[in-house]
Amino acid sequence: MKLPDRLPSSKTHTASHWGVYDIARSGNGDLSITGTVEDPDPSPIGLHMAANDLRQVRIAKPSIRKSWLENGPGSNPHLRGREPFVEVEWDVALDRLAGEFQRIREEFGNEAIFGGSYGWASAGRFHHAQSQVHRFLNLIGGYVSHVDSYSLGAGKVILPHVIDGFSSLFNQHTSWDVMAKETELFVTFGGVPVKNAQISQGGPGRHRVVAGMRGMAQAGTRFVNISPVSDNMPVTSEWLAIRPNTDVALMLALAYVLETERLADLNFLNSHCVGYDRFRPYLLGETDGDPKTPAWASAICGVPVERIATLAREMAGSRTMLNVSWSLQRAVHGEQPFWMAITLAAMLGQIGLPGGGFGLGYGAMNSVGNDNVRFKFGDVPQGRNPVKTFIPVARIADMLLNPGESFTYNGKVYSYPDIRLVYWAGGNPFHHHQDLNRLLKAWEKPETIVVNEPYWTATAKLADIVLPVTTSLERNDIGAASGEDFVVAMKKVEDPFGQSRNDFDIFDDLARRMDIDFSDGLDEKGWLRRIYAVSKENAAASNIALPDFEAFWDTGLLDLGSSAAPVVMLEAFRGSPVEHPVPTPSGRIEIFSETIEGFSLADCPGHPTWFEPPEWLGASGRDATTLHLISDQPVRRLHSQLDASPHSKAGKIAGREPIHIQPLDAVARGIAEGDLVEVSNGRGRLISVAVVSNAIMPGVARLSTGAWLDIDWDRNIERHGNPNAVTLDIPASSLSQGCSAQTCLVAIRRLDPTEARAVLAFEHPEFQA
Ligand SMILES: Nc1nc2c(c(=O)[nH]1)N[C@H]1C(S)=C(S)[C@@H](COP(=O)(O)OP(=O)(O)OC[C@H]3O[C@@H](n4cnc5c(=O)[nH]c(N)nc54)[C@H](O)[C@@H]3O)O[C@H]1N2
Ligand SMILES: Nc1nc2c(c(=O)[nH]1)N[C@H]1C(S)=C(S)[C@@H](COP(=O)(O)OP(=O)(O)OC[C@H]3O[C@@H](n4cnc5c(=O)[nH]c(N)nc54)[C@H](O)[C@@H]3O)O[C@H]1N2
Ligand SMILES: [Mo]
């Protein structure tokens, strides 16, 4: 294989969402990838980025679905994913696509193009698929976009009403060193899952979470993990098993004890918050007849009554940090856990004190708790979108199924557009969306679906036009992530696979066919220089001197390191809420929000409230044999990315993604470790393999996301273990319309091996010569 031009030595670097790696070429020409020596705790996820297993699932040539190619847009949409593709030359694919854009724009206007294209794509500031596709679509007159994320759908909408925007809070999480010094008690809802801290969007530098937690443990911090699973803590901790989706009930009872035992910090509630007086009657049961006592909560959440009372007292008597994992808000009524946790922290009165207060997602990503200096890195300007129509990201199936129907979002009413063309670059909706059988129906609506992808994912297989894209190893880029250590010269170390091309070049070629200037006269290196120059300027404003581009590119890795100053979240606000108000209408923490109350939403009133989710272990009329399914983030990959790698495959059992269940639940169903099982509900069915584990509480099952969707069309069952075959596709609430994947009941039964066909997730689609 040809070495790229500017490889300065035998070693270079690459950045990925799972870390920065050193790349060398061994004697036989193979690439050897190791965690960068600068990283004390590199993630094994990236070690196989150049593995042959991944090459085997690459897309070699532009491909068009047979009916679409022969009979035009909209032809036999129900055959998507089931009929052969025809491989075509780039010119044919791009001519047809440019023609289709022209047709759609003339007949229906740009409002008929959905280009939200949600997804993580790859690290790298320039070859960032979303920026590229958005820039292109803006230049041709705009597209229907999305707001928010699957990560934080409910959380991102509620937070600005209560305290501050998520990004602002994210960037000021109290740092590990401060917590080691000051935090006596760390109470976490949803653990501190180190598996998740392998990741940071844009590329983690030094992986610090394990060291951060160990540092706290050594300094004497005590940990309480409130979670349906116990194996999500890197240090010794007390495990309080909690029924999924019931944390708000527990938090309310903790608050009840603080209030009734006069342990709440009334001074802080008066000086820094508004609305405690409107919340208190609800807490005490004066408004609904249900005092939120430990006994009330225990019946809902399963945590023992006495432990709730003692925990509240311990929290009030210690420097206490409360942590809430993002998973809690990825559920129906997902706004409530964040709002209630902040309310609880406000009642403890330690917000803004070193080591006290709250965190939203320690462990969710490596950067949470890092004390790096943060500045805005340069990127590809996306331009202005003349189309104002948008959807909350997780409402895609609703949009496609119900054009013209209205929905509410953050207090306003909008309506769904009528989409004819969908363009996806850098995301995998048949990974990320819930109730994929429903999405499959919705997917039949558009006339044309275009997917740029390096790999034959389910989404690529379900497209009309598939354009093969390079991976990070096959192009030059700059890696950098907010809150992380390194700026990385990501040098091209391999030639593009097959006929794959960079997203940038694909859009440049398409734009040329439509007489539009996409590249701004710059090639890859020109863009890297421009992006770097902007970064250098922004860094200078934060007193960081970056070297010039040539020096950076030759060095390969710049270390931004950590800042000298310890970070304490909301310290200035605590110091003076008048001089440093939070950006809510009152400038204070809003335990009661007039704004939210004013929206008059039955499912999100003016103060934090316990609601029964539509599916949970306490649901009246629940079939007692059902289990609550948690679909958490996978240990061995990022979402669906690298699922075909040897590292990810090693976590499967007989080629399928395993489901974890508790021994009592296994025995009750006659299931033994390693048995094939069928997981089902009214929405769908999937096949998995049982792992019987004491690290999960009775009544709960856990199936991590990311196994490539593999539908057995004849038997109508998913074969690989993808939880989104059964999850729920309804909004968190009419406030946020967020994703609610964690609200889900399923039945599980032992499956006879004769009932399960082989997994074909990593096979190529059928081609017609
Ligand atoms: N049940 C359940 N579902 C969930 C979640 C859950 O907790 N439970 N979590 C949700 C969350 S938080 C998230 S963020 C989403 C994640 O959902 P996604 O971000 O959609 O998942 P990825 O697998 O990262 O998809 C990225 C895709 O981009 C492709 N890609 C990589 N590099 C490039 C490139 O340079 N160009 C192009 N064109 N493509 C590229 C990859 O091959 C991959 O197919 O999933 C959500 N889904
Ligand atoms: N390895 C790896 N790391 C990742 C990702 C990945 O795909 N792979 N994805 C990244 C992304 S995009 C995101 S958004 C973050 C997401 O970060 P999170 O949303 O926090 O991650 P999860 O793994 O879904 O859940 C965290 C923990 O919460 C627990 N939990 C689930 N439901 C409940 C509940 O109702 N109550 C309580 N108390 N606990 C509950 C789960 O068992 C799990 O241990 O992770 C990031 N990190
Ligand atoms: Mo996410």
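These are my notebook entries on two ligand sites, some strands and one arginine in a predicted model.

**Entry: ligand 2**

I began with the surroundings of ligand 2, where 32 residues make up the shell and K195, N232, D247, P634 and H639 come nearest. Sorting the residues of that shell by type, I noted 16 nonpolar, 11 polar and five charged.

I then looked up polar contacts to this ligand, and three went into the notebook. D247 has a polar side-chain atom 2.7 Å from a nitrogen atom of ligand 2, and Q198 places a polar side-chain atom 3.4 Å from a nitrogen atom of ligand 2. On the side of the ligand's oxygen atoms, I found one that is 2.8 Å from an N or O atom in the side chain of S327. For the cover, I wrote down that ligand 2 on its own has 920 Å² of accessible area, of which the protein covers 99%.

Which domains supply the shell around ligand 2 with at least three residues each? I found domain 2 (153-373 + 567-599) and domain 3 (627-755) in that role.

**Entry: ligand 1**

Turning to ligand 1, I counted 34 residues around it, and those that come nearest are S122, H432, E453, S640 and N724. The shell here divides into 10 nonpolar, 20 polar and four charged residues.

Among the polar contacts, I noted that the side chain of R330 has an N or O atom 3.1 Å from an oxygen atom of ligand 1. The backbone also takes part in the contacts I looked up: a backbone N or O atom of G426 lies 3.3 Å from an oxygen atom of ligand 1, while a polar backbone atom of N452 is 2.9 Å from a nitrogen atom of the ligand. Ligand 1 has 920 Å² of accessible area on its own, and the protein covers 98% of that area. Checking which elements give two or more residues to this shell, I came to α16 (429-432) and β18 (448-453).

Why can I say that ligand 1 lies between two domains? Domain 1 (1-144 + 396-474) and domain 3 (627-755) both contribute residues to its shell, so ligand 1 lies between them.

**Entry: strands**

I next followed the chain from its start and looked at strand β1 (residues 11-16), which is mostly covered, with five of its six residues buried. Strand β1 is joined by six bridges to β2 (residues 19-25), and the two run antiparallel. Two residues stand between β1 and β2, which form a hairpin, and as one of the pairings I noted that H13 has D22 in β2 as its bridge partner.

I also traced an open sheet of six strands with mixed pairing, in the order β5-β4-β19-β18-β17-β6. Its edge strands are β5 (85-87) and β6 (113-114), each of which pairs on one side only. At the β5 end, three bridges connect β5 to β4 (residues 63-65) in an antiparallel arrangement, and there I64 has V86 of β5 as its bridge partner.

**Entry: R719**

Last, I looked up R719, which sits in the loop between β30 (717-718) and β31 (745-750). Is R719 buried or exposed? I have it down as buried, because its relative accessibility is 7% and the cut-off for buried is under 20%. I also noted that R719 and A758, though 39 residues apart in sequence, are 7.5 Å apart in space from C-alpha to C-alpha.

Note on methods
Residues numbered from 1 in each chain as written. Chains lettered and ligands numbered in written order. Predicted model: local features only at pLDDT ≥ 70, side-chain atom pairs only at ≥ 80, totals over all residues. Heavy atoms only, no water. Near = heavy atom within 4 Å. Polar contact = N/O pair within 3.5 Å; in protein donor to acceptor, adjacent residues only side chain to side chain. Areas by Shrake-Rupley, 256 points an atom, 1.4 Å probe, with all protein chains shown as cover. Nonpolar A, V, L, I, M, F, W, Y, C, P; charged D, E, K, R; others polar. Domains from an automatic or database assignment. Helix = DSSP H or I, 4+ residues; strand = E, 2+ residues; numbered from the N terminus. Buried < 20%, exposed > 50% of the residue type's maximum accessible area, 1.4 Å probe, protein only. Pairing = 2+ DSSP bridges.
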